[in-house]
Amino acid sequence: MTPIEKLLKDNRGWADELKSEDPEYFQRLAKLQTPDFLWIGCSDSRVPADRITGTQPGEIFVHRNIANLVIHTDVNLLSVLDFAVNHLKVGHVIVCGHYGCGGIKAAMTNHDYKYVLNMWLRNIKDVYRLYSKELDAISDEENRADRLTELNVKEQVMHLAKTSIIQRAWKEERRPQLHGWVYGLKDGLIKPVFNMDSHSAIDPIYQYDDL
Ligand SMILES: [Zn+2]
């Protein structure tokens, strides 16, 4: 059996097991999704949003990319954000990074990862530059990467608050709350590091006054 055949076989086993436990499960789930959370996480295979939060299908709307970045020219991310905020009406948007992130570690090197990855990782280097004083003072490389992971999450939450999507929802409906979290691969625990809501201050240059 090839690895792909095994995936499909295990899928059938999983669906059969769920149906035997709860015959209505899939019919019920197919009708609607009303998640209250949008998750923006890392693509890392060790950080599955639903598994680590104990949530069921239908409860979390998920977007993932390398190092959980919020980039204002990323049509994919902005479409997910627009849909989650304006159509699903989520109450919470979570940016979740994780310690031991390969994207963060790669951005801390001076290695040429070639065109597209260099372009993506440059956004993390920009975060490093913003906090270089604090980061350069941390001598242990792993601790420095951990701190950059936390600061990166903070910056991405602030990037969310700079969008007109979030600012309009805050103005009209006082939601969603924005949460910056970091997940620990070594202990399975999530550490909240930063949050913003409709009362949070945004740097004036990013504020829209005619929404
Ligand atoms: Zn990662």
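## Close-up views of a predicted model

**View 1. The zinc ion and its protein donors.** The zinc ion has as its protein donors Cys-42 through SG, His-98 through NE2 and Cys-101 through SG, and these atoms lie 2.1 to 2.3 Å from the ion. The structure shown here, as in every view below, is a predicted model. Along the chain, the donors of the zinc ion follow the spacing C-x55-H-x2-C. Cys-42 belongs to strand β1 (residues 37-42) and His-98 to strand β3 (residues 92-98), so this pair ties together parts of the chain that are 56 residues apart in sequence. Cys-42 and His-98 are both buried.

**View 2. The packing of helix α4 with helix α9.** Helix α4, formed by residues 75-86, packs with helix α9, formed by residues 164-173, at an angle of about 10°, and the two axes are 10 Å apart. Because angles under 35 degrees count as roughly parallel, α4 and α9 are described as roughly parallel to each other. On the α4 side the contact is made by Leu-78, Leu-81, Asp-82, Val-85 and Asn-86, which meet Ile-165, Ile-166 and Ala-169 in α9. Sorted by character, the residues of this contact between α4 and α9 comprise six nonpolar, one polar and one charged.

**View 3. The aromatic pair of Tyr-25 and Phe-26.** Four aromatic pairs are found when the whole structure is searched, and one of them joins Tyr-25 and Phe-26 in an edge-to-face arrangement, with 5.0 Å from centre to centre and 85° between the planes. Tyr-25 has a relative accessible area of 12% and is therefore buried, the cut-off for that term being under 20%, whereas Phe-26, at 28% relative accessibility, counts as partly exposed. Ring pairs also link Tyr-25 and Phe-26 with Trp-14, so that these residues belong to a cluster.

**View 4. The aromatic pair of Trp-39 and Trp-181.** Trp-39 and Trp-181 also form an aromatic pair that is edge-to-face, for which the centre to centre value is 6.3 Å and the angle between the planes is 75°. This pair links distant parts of the chain, since Trp-39 is found in strand β1 and Trp-181 in strand β4 (residues 177-183), and the two residues are 142 residues apart. With a relative accessibility of 1%, Trp-39 counts as buried. Strand β1 thus appears in two of these views, holding the zinc donor Cys-42 as well as the ring of Trp-39.

Conventions:
Residues are numbered from 1 along each chain as its sequence is written. This is a predicted model: local features need pLDDT of at least 70, side-chain atom pairs count only at pLDDT 80 or more; totals for chains, interfaces and linings use all residues. Side-chain values use heavy atoms; hydrogens and water are left out. Axes are lines fitted to C-alpha atoms, for helices over the stretch in contact, and angles run from 0 to 180 degrees between N-to-C directions. Helices (H or I, at least four residues) and strands (E, at least two) are DSSP runs, numbered from the N terminus. Angles under 35 degrees count as roughly parallel, over 145 as roughly antiparallel, 65 to 115 as roughly perpendicular and the rest as oblique. Contact means heavy atoms within 4.5 Å. Ala, Val, Leu, Ile, Met, Phe, Trp, Tyr, Cys and Pro count as nonpolar, Asp, Glu, Lys and Arg as charged, and the others, Gly among them, as polar. Donors are N, O and S atoms within 2.8 Å of the metal (3.2 Å for Na, K and Ca); water is not among the atoms, so sites may look incomplete. Buried means under 20% relative accessible area, exposed over 50%, partly exposed in between (1.4 Å probe, protein chains only). Rings of Phe, Tyr and Trp (its six-membered ring) pair if their centres lie within 6.5 Å; planes under 30 degrees apart count as stacked, over 60 as edge-to-face and the rest as tilted.
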